[in-house]
Amino acid sequence: MPPVLNYNLSFILPVSLKDLSRHTMLADDKGLQLPAITVFSAGIRYLKDHLLSLCEERRSRLEPNEIHWVVTVPAIWDDTAKQFMREAAVNVSFVRHLYV
């Protein structure tokens, strides 16, 4: 189970997001630090949950396993940063089909 983030998620991002790796740490406006992978996974999880709740609210017949998730990253990101985003999405544990 991922950690629950109960404080302000105004994180100060590194100058260059293309340098993200599984070892990158982010600090919020109070100086509290979390691994970047945890922060990005929480953001992806929020988007996934929001989409699924909208589908449920609208009584859509769309099943979660019918969704093909696509995570886009800037072309200038290196393979390490792209792998970071893959891992962040996989941490959300909804990924059946993922394209980065």
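This tour moves through a predicted model from the whole chain to single residues, naming what to select at each stop.

**The whole chain**

Begin with the entire protein shown as a cartoon, where 2 helices and 5 strands can be picked out. If you trace the chain from the N terminus, the elements follow one another in the order β-β-β-α-β-α-β. Switching to a surface view brings up about 7,100 Å² of exposed area, of which carbon and sulfur atoms supply 55%. Of the 100 residues of the protein, 31% count as buried, and these are what the later stops look into. Among contacts between residues at least 6 apart in sequence, 51% join residues at least 24 apart.

**The nonpolar core**

Next, select L20, A36, F40, I44, W77, F84 and M85, which have the most contacts inside the largest nonpolar core, a set of 17 residues. Both α1 and α2 contribute here, each supplying at least two residues of this core. Keep A36 highlighted and display its surroundings: leaving out residues up to four places away in sequence, A36 touches L20, T24, M25, L26 and F84.

**Along helix α1**

Now select residues 36–57, which make up helix α1, and stop at I37, which has its place in that helix. Is I37 buried or exposed? I37 counts as buried because its relative accessible area is 13%, which falls under the 20% limit. With residues up to four places away in sequence set aside, I37 touches F84, E87, A88 and N91. A distance drawn from the C-alpha of I37 to the C-alpha of T24 comes to 7.7 Å, although the two residues are 13 apart in sequence.

Stay in helix α1 and move on to S41, which is also found there. S41 has a relative accessibility of 4%, and therefore S41 counts as buried. Which residues is S41 in contact with, once its neighbours within four places in sequence are left aside? They are A88, N91 and V92. The pair S41 and N91 is worth showing with a distance line, since 50 residues separate them in sequence while their C-alpha atoms lie 6.3 Å apart in space.

**The largest pocket**

For the last stop, turn to the largest pocket, which holds about 180 Å³ of space. Select I44, L47, W69, V70 and V71 to find the residues closest to the centre of this pocket, out of the 10 that line it. I44 is thus a residue to view twice, as it also belongs to those with the most contacts inside the largest nonpolar core.

Colouring by element shows where the lining comes from: α1, β4 (69–70) and α2 (79–91) each supply at least two of its residues. Which element gives the most to this lining? That is α1, with 3 residues. If you colour the lining by residue type instead, it divides into 8 nonpolar, 1 polar and 1 charged.

How values were computed. Residues are numbered from 1 along each chain as its sequence is written. This is a predicted model: local features need pLDDT of at least 70, side-chain atom pairs count only at pLDDT 80 or more; totals for chains, interfaces and linings use all residues. Side-chain values use heavy atoms; hydrogens and water are left out. Helices (H or I, at least four residues) and strands (E, at least two) are DSSP runs, numbered from the N terminus. Buried means under 20% relative accessible area, exposed over 50%, partly exposed in between (1.4 Å probe, protein chains only). Contact means heavy atoms within 4.5 Å. On a 1 Å grid over the protein atoms alone, a cavity is a set of points where a 1.4 Å probe fits but cannot get out, and a pocket is an open set with protein on both sides within 12 Å along at least five of seven lines; lining residues have an atom within 4 Å of a point. Grid points are joined across faces, edges and corners, and a volume is the space filled by probe spheres set on the points. Ala, Val, Leu, Ile, Met, Phe, Trp, Tyr, Cys and Pro count as nonpolar, Asp, Glu, Lys and Arg as charged, and the others, Gly among them, as polar. Accessible areas come from the Shrake-Rupley method with a 1.4 Å probe; for residues, only the protein chains shown count as cover. A nonpolar core is a set of buried Ala, Val, Leu, Ile, Met, Phe, Trp, Tyr and Cys residues joined through side-chain atoms within 4.5 Å.
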